[in-house]
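Hi,

Here is the structure I promised to pass on. Have a look at it first, and then read on for what I found.

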Amino acid sequence: MPQVAKGLEGVVVSETALSHPDGENGRLIYLGYEIADLANNATYEEVVHLLWTGHLPTRGEFTEFSAKMASYRVLPKSVTDVIRTMPTDSEPMDVLRTAVSAFGAVQKITGKATIEHAMALTAVFPTIMATFDRQRRGLAPLAPRADLNHAANYLYMLSGEVPSDQRTRALDTYLILTADHGLNASTFTARVIASTLSDMCSSIVGAIGALKGPLHGGAPALVLNMLREIGTPENAEAWLTAALDRGERLMGFGHRVYKAEDPRAKVLRSLAERTSEIDFFRLAIRVEDLALKMLHERKPDRRLYTNVEFYSSAVLHGVGLPDDLFTPTFAISRVAGWTAHVIEQLKDNRLIRPDAEYVGPTRMTFVPLEKR
Ligand SMILES: CC(C)(COP(=O)(O)OP(=O)(O)OC[C@H]1O[C@@H](n2cnc3c(N)ncnc32)[C@H](O)[C@@H]1OP(=O)(O)O)[C@@H](O)C(=O)NCCC(=O)NCCS
């Protein structure tokens, strides 16, 4: 009997030079650069350039690259019309998936995937989400502003106000931290689709679907729900004990790869301290301390630590995003990684097609329909 690698844990299906989450040591690198160095010193556009081209841009390259990406932010009218047909209570991830698919058809993102395709898709994600968010609030969409960077323009298109440097920097840092992460479920999905020689847009639409699930990108809003339900630091112990007694998972803890603290959580914790309200941050710290203690006591061999989602929720809330835009904002960041992986997959492609161990019935006798 062949061994079934449930969840493909530990199975290596491809090489990548893009990012490496080192789970044992709690490190993450993008093309050799430590994530904290990039998060604290670079901008999202520099990191996107790094992922797509393999090097950090020079000043000249950066200016040209940022201007070009900014010029791609405008949505074709037919895609805005598709968004207009969406009910206002639609899930934003469903709208993103639908609008990106429409964008690919309208803009003819077909044939061999290119950096141009990657740029076109990455540039419009914030416009799609801001257009929908304003529409559901009864507001007209705002045209993107090419004089603002990716993070600032997204916040501007949502609120109509140019954000403070602090808010822009907080979102920019978040976007850098979550831009790529090895062969996570959505990136794997994108690579599987790319391996069939489908187009870039199809890979990205599939990846959006994979990211939506609460075991992957859907967790940050659930973290916020948990913190709101807990309400006060005094209530934390009883709430967490009851949840674990019921066999529930604590959102924002545990990771398939990290068996030490997620290095992104470390950066986000200090960012959350600066961006969220003091009482909220105190509550988050208390919940984190207790949750880690309890998880350690109950599952000592599992090595469960705080993951990226726990403090993402505080940071995204702190920059003023509504809860249901947390996962789409994760997608706004991760599309850079997805597209980079699609391009990498195609450099040395082989169809990704694993096997399954058949465990169904055998030797069934067929009975014609009229005799069943
Ligand atoms: C992220 C996650 C899906 C990783 O899952 P995984 O590698 O498949 O790990 P498993 O689901 O096999 O869990 C391993 C064990 O740890 C426990 N565990 C993992 N995460 C847990 C959590 N957040 N709370 C409580 N228990 C948890 C599981 O119950 C399981 O225990 P058991 O084997 O005794 O039944 C998982 O940790 C999780 O569900 N976390 C909460 C959701 C979340 O924060 N998602 C965002 C990820 S960035």
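In the protein chain, 75% of the contacts with a separation of 6 or more are between residues 24 or more positions apart. Please keep in mind that this is a predicted model. The chain has 16 helices and 3 strands, and 50% of its 372 residues count as buried. Along the principal axes, the C-alpha atoms fill a box of roughly 65 × 55 × 45 Å. The radius of gyration is 22 Å, which agrees with the value near 21 Å that a compact globule of 372 residues would have. About 18100 Å² of the protein chain is exposed, with 53% of that area supplied by carbon and sulfur atoms.

**Domains and core**

The domain assignment splits the chain into domain 1 (19–213 + 323–347) and domain 2 (219–318). Their centres, taken over C-alpha atoms, are separated by 26 Å. Across the boundary, 26 residues of domain 1 are in contact with 26 residues of domain 2.

The largest nonpolar core holds 109 residues, and the members that touch the most others are Val 100, Phe 125 and Trp 338. Both domain 1 and domain 2 give residues to this core, so it lies between them. If you want one residue to start from, try Trp 338: setting aside residues up to four places away in sequence, it touches Phe 125, Ser 186, Thr 187, Ala 190, Ile 204, Ala 207, Ile 208, Leu 211 and Ala 331.

**Two helices to look at**

Helix H13 (residues 263–275) has 13 residues, which at 1.5 Å a residue should span 18 Å; its end C-alpha atoms are 19 Å apart, in agreement with that. Its buried residues are Pro 263, Arg 264, Ala 265, Val 267, Leu 268, Arg 269, Leu 271, Ala 272 and Thr 275. Two arginines, Arg 264 and Arg 269, are on that list. The elements that cover the buried residues of H13 include strand S2 (27–30), helix H1 (35–41), helix H8 (165–177), helix H14 (278–298), helix H15 (308–318) and helix H16 (326–347).

What about H15 itself, where 9 of the 11 residues are buried? With that count, H15 is largely enclosed by the rest of the structure. The buried residues are Val 308, Glu 309, Phe 310, Tyr 311, Ser 312, Ser 313, Ala 314, Val 315 and Leu 316. They pack against H8, helix H11 (219–230), H13, H14 and H16.

**Loops around H7**

Asn 149 sits in the loop between helix H6 (115–136) and helix H7 (150–159). Its relative accessibility is 25%, so Asn 149 counts as partly exposed. Apart from its neighbours within four places in sequence, Asn 149 is in contact with Glu 45, Arg 73, Thr 168 and Asp 172. For one of these partners, Asp 172, the separation from Asn 149 is 23 residues in sequence and 8.9 Å in space, C-alpha to C-alpha.

In the loop between H7 and H8 you will find Pro 163, which is buried, with a relative accessible area of 8%. Leaving out residues up to four places away in sequence, Pro 163 touches Ala 152, Leu 155, Tyr 156 and Thr 168. Pro 163 and Glu 45 are 118 residues apart in sequence, and their C-alpha atoms are 18 Å apart in space. Thr 168 is a contact of Asn 149 and also of Pro 163.

**Two backbone angles to check**

Most residues other than glycine have a negative phi. Which way does the phi of Arg 303 go, positive or negative? It is positive, at about 50°, although Arg 303 is not a glycine. Arg 303 is in the loop between H14 and H15 and is partly exposed, with a relative accessible area of 37%.

Arg 363 also has a positive phi, near 55°. Arg 363 belongs to the segment after H16 and is exposed, with a relative accessible area of 82%.

Happy to go through any of this with you.

Best wishes

How values were computed: Residues numbered from 1 in each chain as written. Predicted model: local features only at pLDDT ≥ 70, side-chain atom pairs only at ≥ 80, totals over all residues. Heavy atoms only, no water. Core = buried A, V, L, I, M, F, W, Y, C linked by side-chain atoms within 4.5 Å. Buried < 20%, exposed > 50% of the residue type's maximum accessible area, 1.4 Å probe, protein only. Domains from an automatic or database assignment. Contact = heavy atoms within 4.5 Å. Helix = DSSP H or I, 4+ residues; strand = E, 2+ residues; numbered from the N terminus. Expected span 1.5 Å × (residues − 1). Rg over C-alpha atoms; globule rule 2.2 N^0.38 Å. Areas by Shrake-Rupley, 256 points an atom, 1.4 Å probe, with all protein chains shown as cover.
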